[in-house]
Amino acid sequence: MRTKVEICGINTTQLQVLKNDEMMELLRRSKEGDMAAREQLIYGNLRLVLSVIQKFSGRGEQMDDLFQVGCVGLMKAIDNFDVNQGVRFSTYGVPMIVGEIRRYLRDNSAIRVSRSLRDTAYRVLQAREQLTRQHQQEPTVEEIAAALEIPREDVVFAMEAISDPVSLYEPLYSDSGDALCVMDQVCDSTAGDESWIEQLALKDAISRLGERERHILALRFYQGKTQMEVSRQIGISQAQVSRLEKNAIGSIKKSL
């Protein structure tokens, strides 16, 4: 007994399959304005939509949404198909459905990415799939770049561009306790408690210096003056500036 699988309220196990002769006849009638024939064409090709959206699974998108978008592409294909061209409808319909889904993914992405970068990403995905079938193993970035004749960096940037964003609160690990999230692994070394404590300790160490030593350090490291320029400004020799600076730095290090 076949398992019942529903998508957008449609039982996929009961979808009809049209023969080619039936398809062409319905297409002719649809072109003549027969809406019943058009509706029958849509229902008769929903399996085609299902087969296409499987290629876009695993991207974090709702399959129901992709199915509806694919149906829009299917209807466009039905309305624009030329029965006099002598090709099968699926040959024309699949690219139309794929194009509609790609436009949806591009326009509804959480992060806006340029059209050219997304096009490169889809070429990379196709090349990866083809190389995997040929060699029965996942290709390297270098192999994909060679197949597409593009720089390795373009492959990396393109794949990163279409990667789904990860929430900072996405659980990474849980061992019968509080889950470890991405946020727990992210830190700013310039704004943490350790940096704050070091700044307080440095400020305290500098406050313990004599007024002239503090003045020399301010001129040297805040204003960027040379020892000779400092010596001329405060009226002592360059050797004295060097000795006072060295002593001041040594006192700070000792305090820290």
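## A first look inside this predicted model

The largest nonpolar core holds 34 residues, and among them Leu 27, Leu 74, Phe 89 and Ile 101 touch the most other members. A nonpolar core here is a set of buried Ala, Val, Leu, Ile, Met, Phe, Trp, Tyr and Cys residues joined through side-chain atoms within 4.5 Å. Buried means under 20% relative accessible area, exposed means over 50%, and partly exposed is in between (1.4 Å probe, protein chains only). Six helices each supply at least two residues of this core: α1 (20–31), α2 (35–44), α3 (46–53), α4 (63–80), α5 (89–107) and α6 (115–135). The largest share, 7 residues, comes from α4.

Before going on, a word on the model: it is predicted, local features need pLDDT of at least 70, side-chain atom pairs count only at pLDDT 80 or more, and totals for chains, interfaces and linings use all residues. Residues are numbered from 1 along each chain as its sequence is written, and side-chain values use heavy atoms, with hydrogens and water left out.

### The overall picture

The protein has 13 helices and 4 strands. Helices (H or I, at least four residues) and strands (E, at least two) are DSSP runs, numbered from the N terminus. Of the 256 residues in the protein, 31% are buried. Contact means heavy atoms within 4.5 Å. Among contacts between residues at least 6 apart in sequence, 52% join residues at least 24 apart.

### Back to the cores

Which residues does Leu 27 touch, leaving aside its neighbours within four places in sequence? Leu 27 is in contact with Leu 41, Ile 78, Phe 81, Val 83 and Phe 89. A second, separate core has 8 residues, including Ala 127, Ala 145, Leu 148 and Ile 150.

Thr 120 is another residue to find in your viewer. Thr 120 lies in helix α6 and is buried, with a relative accessible area of 18%. Leaving aside neighbours within four places in sequence, Thr 120 is in contact with Ile 150, Asp 154 and Ala 158.

### Salt bridges

A salt bridge is a side-chain nitrogen of Lys or Arg within 4 Å of a carboxyl oxygen of Asp or Glu. How many does a search of the whole structure find? The search gives 9 salt bridges. Three of them are set out here.

| Acidic partner | Basic partner | N to O distance |
|---|---|---|
| Asp 34 | Arg 29 | 3.2 Å |
| Glu 100 | Lys 76 | 3.0 Å |
| Glu 245 | Arg 220 | 2.6 Å |

Take Asp 34 and Arg 29, whose side chains meet in a salt bridge. Asp 34 is partly exposed, with a relative accessible area of 26%, and Arg 29 is also partly exposed, at 30%.

Next come Glu 100 and Lys 76, whose side chains meet in a salt bridge. This pair links distant parts of the chain, with Glu 100 in helix α5 and Lys 76 in helix α4, 24 residues apart. Is Glu 100 buried or exposed? Glu 100 is buried, with a relative accessible area of 12%, whereas Lys 76 is partly exposed, at 34%.

Glu 245 forms a salt bridge with Arg 220. Glu 245 lies in helix α13 (residues 238–255) and Arg 220 in helix α11 (residues 211–222), so the pair ties together parts that are 25 residues apart in sequence. Glu 245 counts as buried, at 9% relative accessibility. Elsewhere, salt bridges that share partners join Lys 76, Glu 100 and Arg 103 into one network.

### Two loop residues with positive phi

Gln 136 has a phi near 60°, a positive value in a residue other than glycine. Where is Gln 136 found? Gln 136 sits in the loop between α6 and α7 (141–148) and is exposed, with a relative accessible area of 66%.

Glu 149, which is not a glycine, also has a positive phi, of about 60°. Glu 149 lies in the loop between α7 and α8 (152–161), and at 73% relative accessibility Glu 149 counts as exposed.
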